Every structure is written in structure tokens, then in C-alpha cells.
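Colleague: I should like to go through this model with you before I set anything up. Could you take me through the chains and their elements?

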Amino acid sequence: MTASNGTRTIRLESMTRVEGEGGLRIEVREGKLQDVRLDIYEPPRMFEAFLRGRSLREVPDITARICGICPVAYQMSSVQAIEAALGITPGQEISALRRLLYCGEWMQSHALHIYLLQAPDFFGMESAVALAARQPELVRQGLELKKIGNELMEIIGGRSVHPVSVCVGGFWKVPRRSELLALRSRLEWALQASIDTVKFVSSLKLPEFHADYECVALSHPREYPMNAGHIVSSAGLDIPIKEFEQAFLEMHVAHSTALHSVRAEHGSSYLVGPLARINLNLNHLPPAARQAADESGIAWPCSNPYAGIVARAVELVMTCEESLRLIDAYREPEPSCLEYTVRAAEGCAATEAPRGLLYHRYRINDQGIVQAARIVPPTAQNYRRMEDDLRLLIPGILERTDSQIVDECERMVRNYDPCISCSTHALKVRIARS
Amino acid sequence: MAGDSKPRLAVFKLASCDGCQLQMLNLEDELLEIAGEVEICYFLEARSQILDGPFDVALVEGSVTTEHDLERVREIRRNSQMLITIGACASAGGIQALRNMQDVDEYTRSIYANPSYIHTLSQSTPVAAHVTVDFAINGCPISREQLLEVITSLLIGRAPQLPTYSVCVECKRKGNVCVLVSRGVACIGPITQAGCGALCPGFNRGCFGCYGPMESANPDSLCHTLTMRGVPRAETLRLLNGFTGWAEEFRSAAEKLEKASI
């Protein structure tokens with residue numbers, strides 16, 4: 001739409017094939033891009049406020065409800081933040097089982113995004129349902145991979161959306177070795193299907209686009225990062241997790257019910273998620289995933305956001321490979337949960353959610369009641385970067401029609417696999433009394 | 001549903017975590033078949049195609065927390081022959097309804113940088129507080145099996161059959177040892193509707209009410225039992241004020257328990 005003063009405003013009310021709800025607004029004046037913003041209107045849910053007054057034992061169950069797609073991420077970051085406050089560290093067997101549960105979540109989340117949300121873009125189709133009419137086997141493969149990830153979560157957590165087994169100190173109950181072994185042959189199939197997925201996404205024609213990203217992720221000396229490590233960036237940042245709040249700031253902008261994160265030093269955007277993780281942790285990929293990454297034809301580190309789909313597929317291989325290794329090495333943790341003494345303290349933790357770094361901090365009192373909570377989800381950290389990418393993208397496609405521009409912008413945003421529901425968990429609110 | 005054309009389905013989201021509509025996509029074996037039997041007119045997370053109403057069936061996830069969403073549920077109602085709420089947020093206000101029991105002004109005054117940017121209602125309310133709801137699928141999250149039962153029964157034209165009994169029945173069927181009786185663990189399974197398969201007692205922990213109150217629940221009696229078993233009042237209150245805490249039966253029981261101790 002072009003107004004009489006020559007301002008062309010392009011609006012998209014609702015982005016599709018993303019998790020949660022948000023829109024897009026682009027303003028062009030005299031042929032030049034003036035402004036682009038992601039309008040995040042998904043209603044705020046104020047978790048940080050109502051966590052106050054709840055028992056620390058309830059925190060993993062409550063924070064899981066921030067996101068139906070990555071509940072385990074919220075459980076992992078929250079229990080480890082509270083364990084840090086209590087001064088306890090679960091042993092290797094509990095950590096291994098947590099990693100296995102996390103693998104299940106990454107698997108279903110990545111398969112969902114690759115096959116159901118993003119793949120249709122590469123075929124010019126509006127959905128996986130439409131894609132299935134043309135390539136049923138491809139979509140069925142994606143659904144099966146997703147299902148196996150869900151099954152792994154169900155064995156360990158009882159259900160895939162909001163699993164119930166995770167608690168501060170460990171697990172309410174752990175699976176028997178035989179239950180996990182029963183999934184082994186399906187995971188072997190999943191490993192091969194994931195390798196095929198990398199081949200499939202590598203064969204897609206990725207648009208040429210490069211941006212100067214500061215990639216941020218956890219890094220661990222011995223493994224591909226999930227539940228442990230320190231925070232590193234491609235610009236040389238290397239800090240312990242407890243310095244997160246000094247290195248990264250959250251800003252509140254008018255057009256978003258989610259906060260935007262920036263680097264504290266220069267106020268600049270940064271990138272979290274699969275692409276950033278692989279760029280920073282290529283050498284820690286297990287063998288089959290590393291081989292898939294090498295054979296993908298992508299030169300890592302990679303600064304093309306459209307290669308996010310390849311990064312996600314490589315991580316799919318990694319989760320299958322790691323799941324098999326962890327199941328083979330599995331020993332039932334005994335006891336399943338550490339005992340602890342409640343004390344007044346504060347603790348923080350960060351883990352790698354499927355969409356990137358997820359930071360939590362809690363202050364608890366001597367009765368184990370939460371006094372303060374801070375949660376910084378990956379999508380909120382990526383918003384500024386998404387808008388920066390759109391600013392780079394739009395000037396080159398301005399001669400196209402509004403709907404073509406909108407399609408391209410949505411496609412760019414989908415590279416990030418944004419979870420808008422997660423990002424608006426908090427918020428600075430004004431209450432309009434009903 | 002009448003007529004020769006496929007039933008028209010729409011899936012909407014209000015304030016929620018996405019988990020209940022994800023359960024639709026988690027029907028991996030049935031998803032493509034369902035998509036062949038119904039016309040999915042509106043489902044932002046799954047497809048870019050957006051078709052206007054009217055719809056035969058609208059599935060609504062999430063609670064009403066903004067003026068904008070209040071307008072939306074009214075419009076959804078006008079546009080839909082049958083409105084079905086999916087999940088604890090849409091059916092009972094969700095975990096975010098915890099704000100309803102707090103001093104909301106304190107929330108406003110607390111931490112926030114630019115409060116004027118945001119508008120939200122003082123309460124998180126279920127869809128049924130604003131428009132007529134034809135059917136509710138409970139749960140945080142809903143169960144895939146129950147969702148499939150509802151979709152299937154609508155397609156063949158019979159009433160959906162969901163359990164109205166308590167989690168206790170599921171526990172007994174599974175042979176779980178009662179966590180409340182054997183170990184004195186706080187559990188609100190006796191007043192919670194079945195549907196999860198007695199998941200938490202199976203994990204050695206008490207039920208925390210994901211599926212909301214069962215039909216003709218007796219929370220006062222349970223509160224009394226919990227007190228007699230030595231469960232601290234604050235813990236019982238937190239269990240009632242949980243994922244479905246704004247549901248009338250749980251809310252009034254919690255209010256009563258709070259008053260009783262003053």
C-alpha cells in the first residue's frame with residue numbers, strides 16, 4: 001500500500017509456519033527502506049512474576065509450560081539453575097539421562113521444523129500437507145523421525161509435551177534399561193533417515209545471502225553442547241554462564257511483547273541456534289554427524305542463514321547418534337534423585353534449547369520458595385538479528401510486489417525457527433482492567 | 001457434519017504454549033489422513049493457506065488475556081458452528097491465570113522498563129467465560145488420543161466419549177500403588193479428571209491437576225484428608241492453584257481452605 005505522501009507500508013498480520021503468533025511491518029519511503037519490524041503481539045504470560053511464591057520443586061513443571069515444543073529445555077535450565085543455588089551437582093548417570101531426554105526433544109523439534117515448517121518453502125508450497133500430495137514418502141519420513149523423538153521423550157518423561165519425570169536433583173523415576181533398548185532399532189533407522197535428511201536438505205537450492213554474525217553458543221571441552229559448558233562467541237567472547245547478564249542485555253521495544261537481547265558492549269545483535277552452535281562446535285560433533293556436515297557441501301563456519309536447515313539436519317544426526325551411545329552406556333541412576341537441603345541462595349544456568357541458548361536465574365528463600373526469576377529464551381535473543389537480516393534482505397527485493405516481499409521476509413524469519421510463544425513468556429505489562 | 005464437501009476446520013491460538021495444537025501435529029500416523037478428511041482452513045502453525053470462515057469446527061487453544069483476543073474469540077464464535085476448547089488454558093484459564101489471584105498492580109509496578117508499551121487484561125480467563133463453548137478437551141497438554149477421539153467422532157457423527165471419572169480410576173487400572181495412602185504424598189488425583197493415564201503417580205509423585213476438576217468432585221473432603229495426612233496447607237493450596245487453578249471447583253476449594261485457617 002502506498003500513501004499519498006509516497007510512503008509504502010507493507011504489512012503482514014500473521015506469520016505462518018512459525019510457533020506462536022506475530023506479524024511483520026515494513027515501511028519504504030522514496031524507494032528506500034525506512035523501517036522493518038517484527039510485530040510480536042502474542043499475549044504476554046508473565047511467568048517470571050507468578051513464579052514468585054512457588055516452591056522450587058514446582059519450577060520445572062511450571063517453566064515447561066512456557067513452551068509446548070521445547071518443555072525439556074525449560075526443565076533443564078531451571079533445575080540446573082536451582083541446583084546451582086542449592087550447591088548440588090547430580091552425578092554422571094543423571095546427567096547422561098538428562099542429555100538423552102534432551103536428545104529426544106531436539107529430534108522432534110528439529111524434525112518438525114525441517115519437514116513440516118520449512119521444507120515447503122523450498123518447493124514453493126504452502127504446507128507439508130500440500131507437499132505430502134507431491135512427495136508423500138518425504139513427509140512421512142519427517143513425521144516418523146518426529147515420532148521417534150517423541151517416543152524417546154515418552155519413555156523417559158511419560159509424555160512428550162510437558163514430561164513429568166524431571167525434578168530438582170534428578171528424576172522422579174528413571175526408565176529401565178530394557179525400556180530404552182526397546183527403542184534401539186527405531187533409533188538406528190532414525191540415524192540413517194537423519195543422514196538422508198542432511199543429503200536431502202543439502203540438495204535444496206539455498207538462496208545466496210551472507211551476514212556478519214556474532215554466533216553465540218555453549219561450548220564444552222568433551223561433547224557437543226547441551227546441558228553444560230561455557231558461553232563462547234565467534235567474536236572471541238569466552239565467559240562462564242554466571243556472567244551471562246553482564247555480556248547480554250535485554251531491551252524493551254514498543255512493537256514487541258517479547259524483549260530483544262543485544263550484546264552489552266556494543267548494543268549489537270547476535271545469533272543463537274543450530275547454525276551458531278555448529279559454527280562454534282564443529283569439532284565436537286560425533287563422527288556420523290561430522291561426516292554428514294563435511295559432506296553437506298556447506299563450508300563451515302557458515303554465514304548464510306538459509307543453511308540453518310542444514311545445520312538442523314546435522315544436529316538431527318547428532319541426536320540419533322548420541323541417543324544410541326547413551327542408551328548403550330545407560331545405567332539406572334541410583335538414587336534417581338539427590339537429596340538436598342533447602343537454603344536461601346541464588347543460582348543460574350544456561351542450556352542449549354533446540355533454538356539456542358536458554359538462560360535461567362532464580363533466587364530462593366530458606367523455605368525453598370522462589371523470590372525472583374529471570375528467563376531469557378533463545379528466540380528473544382534472535383529477534384534483533386532477524387530484523388537485521390530483514391534490513392539486509394529487503395533493499396534488494398523492493399521492486400517486487402508486496403506479497404512477494406512478504407513471502408521472502410517470512411521465509412527469512414523461518415530460518416530462525418522462531419518460537420514466539422517462548423519469547424513472550426515474560427513481559428513488562430500495562431494492565432487494562434476489564 | 002452435513003453436506004458432501006469436507007468439514008471445514010480451523011485451529012486458533014490465544015495465550016498459551018503451543019503444546020495443545022502441537023498434539024495435533026504429534027498425531028504423526030494420522031495427520032495426513034485427517035488432512036484428507038477435513039479441510040484445514042486456518043492453522044497458522046501448520047500452513048500458510050488461510051481460508052475465511054464460516055467453519056464447521058474451531059479448535060481454540062489458549063486463554064483470553066488481551067482485548068484483542070477477546071474480540072477474536074467473539075469473532076471465532078460467530079464464524080464457527082462448533083467451538084471446541086483444547087487444553088487447560090482455553091478450558092480453565094491456564095497457568096497464567098495465577099495472575100488472577102495476585103495483586104496485578106504489583107506486577108505492573110515490579111520490574112518493567114516501559115509498561116506503557118503493553119496492554120493486557122487484569123485476568124486470564126477461559127474461553128467459556130466470554131462465549132458459548134460446545135465442547136472442552138481438557139489437559140495440560142491435551143492427550144493425542146482424546147483429540148483423535150473427538151475428531152473421529154465428529155467425522156462419523158457421534159458424541160465424543162471422554163472419561164468423566166477421576167485419575168484414581170486410571171491409577172487402579174494400571175495397578176499403581178496409591179502415593180497418598182501409602183506414602184502420604186500430596187495428590188489431587190481424586191478430584192482430577194482422568195485422561196493422562198495416571199502419569200504422575202506412575203512416576204512416584206502426586207497428581208497436580210493438569211486435566212482440571214472431574215465431574216462432581218469433592219475437593220473439601222480431599223483437602224481434609226490431605227490435612228489429616230500431614231500435608232502442609234500451603235502445599236495443598238499450591239496444588240489447587242496450579243495449571244487449572246481458575247476452574248471453579250479448584251478455585252472455591254482453595255478459597256475455602258485459605259479462609260478456614262485464618
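**Domains, chain contact and a sheet**

Modeller: Chain B is divided into domain 1 (8–156) and domain 2 (167–260). Please keep in mind that this is a predicted model.

Colleague: How many Å separate the centres of domain 1 and domain 2 of chain B?

Modeller: The two centres, taken over C-alpha atoms, are 25 Å apart. The contact between these domains involves 15 residues of domain 1 of chain B and 12 residues of domain 2 of chain B.

Colleague: Which helix gives the most to the domain 1 side of that contact?

Modeller: That is helix α4 (residues 88–92) of chain B, which supplies 3 residues to the side of domain 1 that touches domain 2. By class, this side of domain 1 of chain B holds 7 nonpolar and 8 polar residues, with no charged residues.

Colleague: Let us turn to the two chains. How many residues of each are in contact?

Modeller: Chain B has 58 residues in contact with 55 residues of chain A. On the chain B side, the elements that give two or more residues are α1 (19–25), α2 (31–37), α3 (67–79), α5 (104–109), β5 (120–121) and α9 (199–202).

Colleague: Which of them has the largest share?

Modeller: The largest share comes from α1(B), with 5 residues.

Colleague: And how do the residues of that side divide by class?

Modeller: The side of chain B that touches chain A has 28 nonpolar, 20 polar and 10 charged residues.

Colleague: Now for chain A. What is the order of the strands in its open sheet of 3 strands?

Modeller: The order is β11-β12-β13 in chain A, and the pairing is antiparallel. Strands β11 (345–353) and β13 (370–376) of chain A are the edge strands, since each pairs on one side only. From one strand to the next, the twist averages 15°.

Colleague: Over how many bridges do β11(A) and β12(A) pair?

Modeller: β11(A) pairs with strand β12 (residues 356–364) of chain A over 9 bridges, in the antiparallel sense.

Colleague: Which residue in β12(A) stands opposite A:Glu346?

Modeller: A:Glu346 faces A:Arg363 there.

Colleague: Which helices lie across these strands?

Modeller: One of them is helix α3 (residues 71–86) of chain A, which lies across β11 and β12 of chain A and runs at about 150° to β11(A). Helix α13 (residues 378–393) of chain A lies across β11, β12 and β13 of chain A, at about 130° to β12(A).

Definitions and conventions
Residues numbered from 1 in each chain as written. Chains lettered and ligands numbered in written order. Predicted model: local features only at pLDDT ≥ 70, side-chain atom pairs only at ≥ 80, totals over all residues. Contact = placed C-beta atoms within 7 Å. Helix = DSSP H or I, 4+ residues; strand = E, 2+ residues; numbered from the N terminus. Nonpolar A, V, L, I, M, F, W, Y, C, P; charged D, E, K, R; others polar. Domains from an automatic or database assignment. Pairing = 2+ DSSP bridges. Axes fitted to C-alpha atoms, helices over the stretch in contact; angles between N-to-C directions.
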